[in-house]
Amino acid sequence: MKRLYFYIASLFLILTTTTGCKDFLQEENLSNVQSDEFYKTAEGYERLINASYSSLRSVYSDPFIYTAGTDMFVEGRDAQPPGISEYRNLTPEEETVLNFYRRVYAAIQTCNTAIYFNDITTQTTNTPVRKGEAKFLRAYYYFLLVQTFGDVSLVTDRILEPQEGFKRNSASEVYNFIINEMTEALNLVPETTPDFGRVTKRAVRHFLAKVYLTRSYEPYGDSLEDAKKAATFADAAINNEKLNTAFEDIFFPGNEKNPDVLFSIQFDPASIVNPQTGGNSQNYWFGPYMGGQGATQGYPQRAYRLVPTMYLFDVFNQDDARFDATFMIEYYNRYYDYYDKRSERNSLDVRFYYAPQWASSPADIAAWRAVNPARRGKTTVIPYSNAWQAGRTTANDNATPAIKKFDDPKSAFGSASSTRDFFLARLGETYLIAAEAYLKLGDPAKATDRINEVRRRAAKPGKSMQVSSTQVTLDFILDERARELAGEYHRWFDLKRTGKLIERTRLYNRDIKKWFDLGENPFQGPTGLKILRPIPAKALILNEEGVAQNPGY
């Protein structure tokens, strides 16, 4: 008889050393301890909760599910998974989808175990709070699943034996579960905590707003009521706080604990075992290959697999400080001098200058050099052009501006070497969630007010980027999300939520547009459109419930 291990039944939660976590997430090898008895102790239960948090690192270990195949990123010199980046060849055998599915369900099983032991562990003043944290994390993992796959199996019990089958619950049931769990968590977790990175009420409100907003687009949702709740929760998370941290300072290395960050995945260099592979890889993906001497010459290793589309460059204007804060426009002789010698930048030689669209004419470039001929006279200038959207045939190093928001000058030269925290929720996004909700409610004035706060912070000194309510459309909000959140692992969900995935990738993604230009819709599968990801073939084959595949596959 076939046995469905469901990828989570084999996880018996013998907690091994997990690299890259902050103080409250420190773990140790417990393989010589009887796990059930240990989890009943206060110390053991804390470590079980820590494992629920640390599972986020595995779920976010690569970017393709979140960012590939969108309007913002295309392939660089090296290939992305073709099914994810272009849809045409996306099948239930896609390994990237399988890995995501496995990792999220493994994380859910960790949370299930934590919730199971909550009532039988040695009680402390923190035990109810930890239950709220585990319930929020489990709901968050299910939110990732339901957006990606639609109907999924709700597994809420601790599983120790192989299971032969799991039914797929409807997406409507899954959303109800997520909302109920997050609502319960909201009543259990504190407003604030000295352990930065733990779940707080503000983080829960942010994600409840996002869950309600996402469901408001679904046929089983209540469009207006869900949008109303999304706006209410977003405003509660904002709590009248203005965006007073400069955009670049939000992302400046070492400044991960700043008022804009509502929830993040924690990392710590002190717990890294292998500095080249033990951290996160967010600094690795978004930029060109820079050569092979980064370890000695002070620049990051780049995958050259996710490069910005021309749309992403074009969506900014010259008054928007987020352009310079997002892309490394001036690259000094030593790339990391931008951070390590912040106060000395005006005296550093510029090795590469990526002249933006509004400053790329020969006269503009000559004027730029004339400001300081000694520092800029020998600079290699790469003016704005379609070549910035580097492709598979582009072999030149440094061909396109790199996204610098995630740079880690203290990291080793490696593919998963960053020990900077990984932001999952920021106050800037909360404002944009509120704006989208108010637009759905037919209140463009309030939507514009929320957007203008984001744009107030983004404007260069002496400039104004305020917009009127007549300019605020769903596409405008998606553009604003692109400017604010480039590279932050939201974009596929944004396009899927708003029903804009096909439209905007056809317009702005070179690798997808080519198929439409050839008269073929790459989203069209044998049984429908490939909007949801496929349920992995291995999960279907082993599941004796005989559940159906998603449309399109």
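# Exercises on a predicted structure

Among contacts in the protein between residues at least 6 apart in sequence, 74% join residues at least 24 apart. The model treated in these exercises is a predicted one.

## Exercise 1: Overall form

Determine how the radius of gyration of the protein relates to the globule rule, and describe the chain as a whole.

*Solution.* Step one is to take the secondary structure, which comes to 24 helices and nine strands. Step two is the comparison: the radius of gyration is 24 Å, close to the 24 Å that the globule rule gives for 553 residues, so the protein is as compact as a globular protein of that length. Step three concerns extent: along the principal axes, the C-alpha atoms fill a box of roughly 70 × 50 × 45 Å. Step four turns to the surface. Buried residues make up 60% of the 553 residues, and the accessible surface comes to about 21000 Å², of which 49% belongs to carbon and sulfur atoms.

## Exercise 2: The nonpolar core

Identify the residues with the most contacts inside the largest nonpolar core, and state which element gives the largest share of this core.

*Solution.* The largest nonpolar core has 152 residues. Those with the most contacts inside this core are Tyr 60, Phe 136, Tyr 142, Met 182, Phe 263 and Leu 312. The largest share of the core, twelve residues, comes from H6. The next step is to follow Tyr 60 to its neighbours: leaving aside residues up to four places away in sequence, Tyr 60 touches Tyr 66, Tyr 140, Leu 144, Ile 265, Phe 422, Leu 424 and Tyr 489. Finally, another core, of five residues, lies apart from the largest one; among its members are Val 74, Val 307, Ala 390 and Ala 399.

## Exercise 3: Enclosed elements

Establish why strand E7 and helix H21 are each described as largely enclosed by the rest of the structure.

*Solution.* Begin with strand E7 (residues 422-426): five of its five residues are buried, so the strand is largely enclosed by the rest of the structure. Strand E2 (residues 261-265) is joined to E7 by four bridges, and the two run antiparallel. Within this pairing, Phe 263 has Ala 425 in E7 as its bridge partner. Phe 263 also appears among the residues with the most contacts inside the largest nonpolar core.

Continue with helix H21 (residues 491-498): eight of its eight residues are buried, so this helix too is largely enclosed by the rest of the structure. The buried residues include the charged-name entries Arg 491, Asp 494, Lys 496 and Arg 497 as well as Trp 492, Phe 493 and Leu 495. After H21 comes Gly 499, whose phi is positive, near 75°.

## Exercise 4: Salt bridges

Locate three salt bridges in the chain and decide for each residue whether it is buried or partly exposed.

*Solution.* As background, side chains of opposite charge can pair when their charged atoms come close. The structure holds 53 salt bridges.

1. Glu 520 and Arg 88 form a salt bridge whose closest N and O atoms are 2.7 Å apart. The pair links distant parts of the chain, 432 residues apart: Glu 520 is in the loop between helix H23 (510-517) and strand E8 (524-525), and Arg 88 is in the loop between helix H4 (82-86) and helix H5 (95-118). With a relative accessibility of 31%, Glu 520 is partly exposed; Arg 88, at 34%, is partly exposed.
2. Arg 130 and Glu 133 meet in a salt bridge of 2.8 Å, N to O. They are separated by about one helical turn because they lie three residues apart in helix H6 (residues 127-149). Both residues are buried.
3. Arg 504 and Asp 475 meet in a salt bridge of 2.9 Å, N to O. Arg 504 lies in helix H22 (residues 501-508) and Asp 475 in helix H20 (residues 474-485), so the pair ties together parts that are 29 residues apart in sequence. Arg 504 is buried, at 2% relative accessible area, whereas Asp 475 is partly exposed, at 26%.

A network of salt bridges also links several residues, including Asp 260, Arg 426, Arg 455 and Glu 488.

## Exercise 5: Positive phi

Find where Tyr 87 and Asn 398 lie, and state whether each is buried or exposed.

*Solution.* Tyr 87 is a residue other than glycine with a positive phi, near 70°. Its place is in the loop between H4 and H5. Since buried means under 20% relative accessible area, Tyr 87, at 0%, is buried.

Asn 398 is not a glycine either, and its phi is positive, about 60°. Asn 398 is found in the loop between strand E6 (380-383) and E7. At 4% relative accessibility, Asn 398 counts as buried.

Key:
Residues numbered from 1 in each chain as written. Predicted model: local features only at pLDDT ≥ 70, side-chain atom pairs only at ≥ 80, totals over all residues. Heavy atoms only, no water. Salt bridge = Lys/Arg side-chain N within 4 Å of Asp/Glu carboxyl O. Buried < 20%, exposed > 50% of the residue type's maximum accessible area, 1.4 Å probe, protein only. Pairing = 2+ DSSP bridges. Rg over C-alpha atoms; globule rule 2.2 N^0.38 Å. Contact = heavy atoms within 4.5 Å. Areas by Shrake-Rupley, 256 points an atom, 1.4 Å probe, with all protein chains shown as cover. Core = buried A, V, L, I, M, F, W, Y, C linked by side-chain atoms within 4.5 Å.
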